Amino acid sequence: MTLSYIPLVAITYFFWWIKPKDVMTPSVVDLPDMFLLQKITFESMAVSNAFDNEGRGRQDSLWTIWYLTPRVFEKEAKDKALQATKERSNLRQTKQASRREDEKGERTRQTEEERSIYLPGECTASAKEVIVAYWDPDMYHSRLLWPIICLFGASFGALHLISWNTPFPTLFEQWLWRVAALVSIFSMLIFMQFEKVVLRWGGALTMISLVSPALYLLSRIVMIGGVIAAFRDSDPAVYDTYVVSTYWIHFL
């Protein structure tokens, strides 16, 4: 089981080779004076404002990890939706203005100028979704990266198959380990085929998208429990005390 962590930790360490330093030290950025519209536009560029001020209730939520994980692609999708809504609104207002231009004259033009100032957040979106998983669209639709990502996703469970013929205290525990390892592979592969998973009923596929991660979690618990249970029948030699200085490892 330990062997399955080694290559994954090595890959993780590679990507974290250059770590942010002094991450706990705040950096104060003084912004120039801005007009109201400029300030609103600037604030709308933030990926999330969940931690701009302390003491908010959602900061103590179990979903805090979603606020701490920057998902720029979600912000881009939201901005595109708001821009499309703005364009439709402006088009509708233009048509209405053209019909009333002869009647209201200058007053109509002034009113339309005031309405043309777009304030982000005016267009309210649908009810807030509880997102379970959301893949980066560029990564998800990549013909090169996505198969590699799926391979890495299944590799963790696949490495447990090395213990396929390892002796267990009982035959039942051996097959329980095998089944759990296979379930962890296929459940993860199925789960990774859904670009976005939300807690909202949308048919049979919704059930599959939610059950697959639950099965993966269950399989991991079964394998961890199997390892702990196997200690009762382990070789007594594992409890022997060895003097490290008698081996060449201490020269490293």
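Student: How do the residues of the lining of the second largest pocket divide into nonpolar, polar and charged?

Tutor: Let's begin with the general idea. Rolling a probe the size of a water molecule over the atoms shows where empty space is left. In this structure, which is a predicted model, the lining of the second largest pocket counts eight nonpolar residues, no polar ones and no charged ones.

Student: Which residues line the second largest pocket, and what is its volume?

Tutor: The lining consists of Trp135, Met139, Ile149, Met188, Phe191, Met192, Pro213 and Tyr216. The volume of this pocket is about 400 Å³.

Student: Which helices each supply at least two residues of that lining?

Tutor: Two helices do so: helix 8, spanning 171-191, and helix 9, spanning 204-230. Select both in your viewer, and you have a good starting point for the rest of our tour.

Student: Let me step back to the whole chain. How many helices and strands does the chain have, and in what order do the elements run?

Tutor: The chain has nine helices and two strands. Read from the N terminus on, the order is α-α-α-α-α-β-α-α-α-β-α. Buried residues make up 22% of the 252 residues in the chain. Among contacts with a separation of 6 or more, 64% join residues 24 or more positions apart.

Student: Back to helix 8, then. How should I read its length?

Tutor: Compare the span with what a rise of 1.5 Å a residue would give. Helix 8 has 21 residues and reaches 30 Å from its first C-alpha to its last, close to the 30 Å expected.

Student: Which residues of helix 8 are buried, and what covers them?

Tutor: Here is a rule for reading such a list. An α-helix has 3.6 residues a turn, so residues three or four places apart point the same way. In helix 8 the buried residues are Glu173, Gln174, Trp177, Arg178, Ala180, Ala181, Ser184, Ile185, Ser187, Met188 and Phe191. Two of these, Met188 and Phe191, also appear in the pocket lining. The cover over the buried residues of helix 8 includes strand 1 (131-134), helix 7 (145-159), strand 2 (196-198) and helix 9.

Student: Where does Val179 sit, and why does it count as partly exposed?

Tutor: Val179 is in helix 8. It counts as partly exposed because its relative accessibility is 44%, and the class lies between 20% and 50%. Measuring C-alpha to C-alpha, you will find Val222 9.7 Å from Val179, although 43 residues separate them in sequence.

Student: Helix 7 is part of that cover. Where is the kink in helix 7 centred?

Tutor: The kink, about 25°, is centred on Gly153. Even so, helix 7, with 15 residues, reaches 21 Å from its first C-alpha to its last, close to the 21 Å expected at 1.5 Å a residue. Gly153 is itself buried, as are Trp146, Cys150, Ala154, Ser155, Phe156 and Gly157 in helix 7.

Student: What about Phe152: why is it partly exposed?

Tutor: Phe152 lies in helix 7, and it counts as partly exposed because its relative accessibility is 43%. Phe152 and Leu8 are 144 residues apart in sequence, yet their C-alpha atoms are 8.5 Å apart in space.

Student: One last residue. Which residues does Ile208 touch, not counting those up to four places away in sequence?

Tutor: Ile208, found in helix 9, touches Ile190 and Phe194 on that count. With 40% relative accessibility, Ile208 is partly exposed. Its C-alpha lies 9.5 Å from that of Ser187, which is 21 residues away in sequence.

Definitions and conventions. Residues are numbered from 1 along each chain as its sequence is written. This is a predicted model: local features need pLDDT of at least 70, side-chain atom pairs count only at pLDDT 80 or more; totals for chains, interfaces and linings use all residues. Side-chain values use heavy atoms; hydrogens and water are left out. On a 1 Å grid over the protein atoms alone, a cavity is a set of points where a 1.4 Å probe fits but cannot get out, and a pocket is an open set with protein on both sides within 12 Å along at least five of seven lines; lining residues have an atom within 4 Å of a point. Grid points are joined across faces, edges and corners, and a volume is the space filled by probe spheres set on the points. Helices (H or I, at least four residues) and strands (E, at least two) are DSSP runs, numbered from the N terminus. Ala, Val, Leu, Ile, Met, Phe, Trp, Tyr, Cys and Pro count as nonpolar, Asp, Glu, Lys and Arg as charged, and the others, Gly among them, as polar. The expected span of a helix is 1.5 Å times one less than its number of residues. Buried means under 20% relative accessible area, exposed over 50%, partly exposed in between (1.4 Å probe, protein chains only). Contact means heavy atoms within 4.5 Å. The bend at a residue is the angle between axes fitted to the seven residues ending there and the seven starting there.
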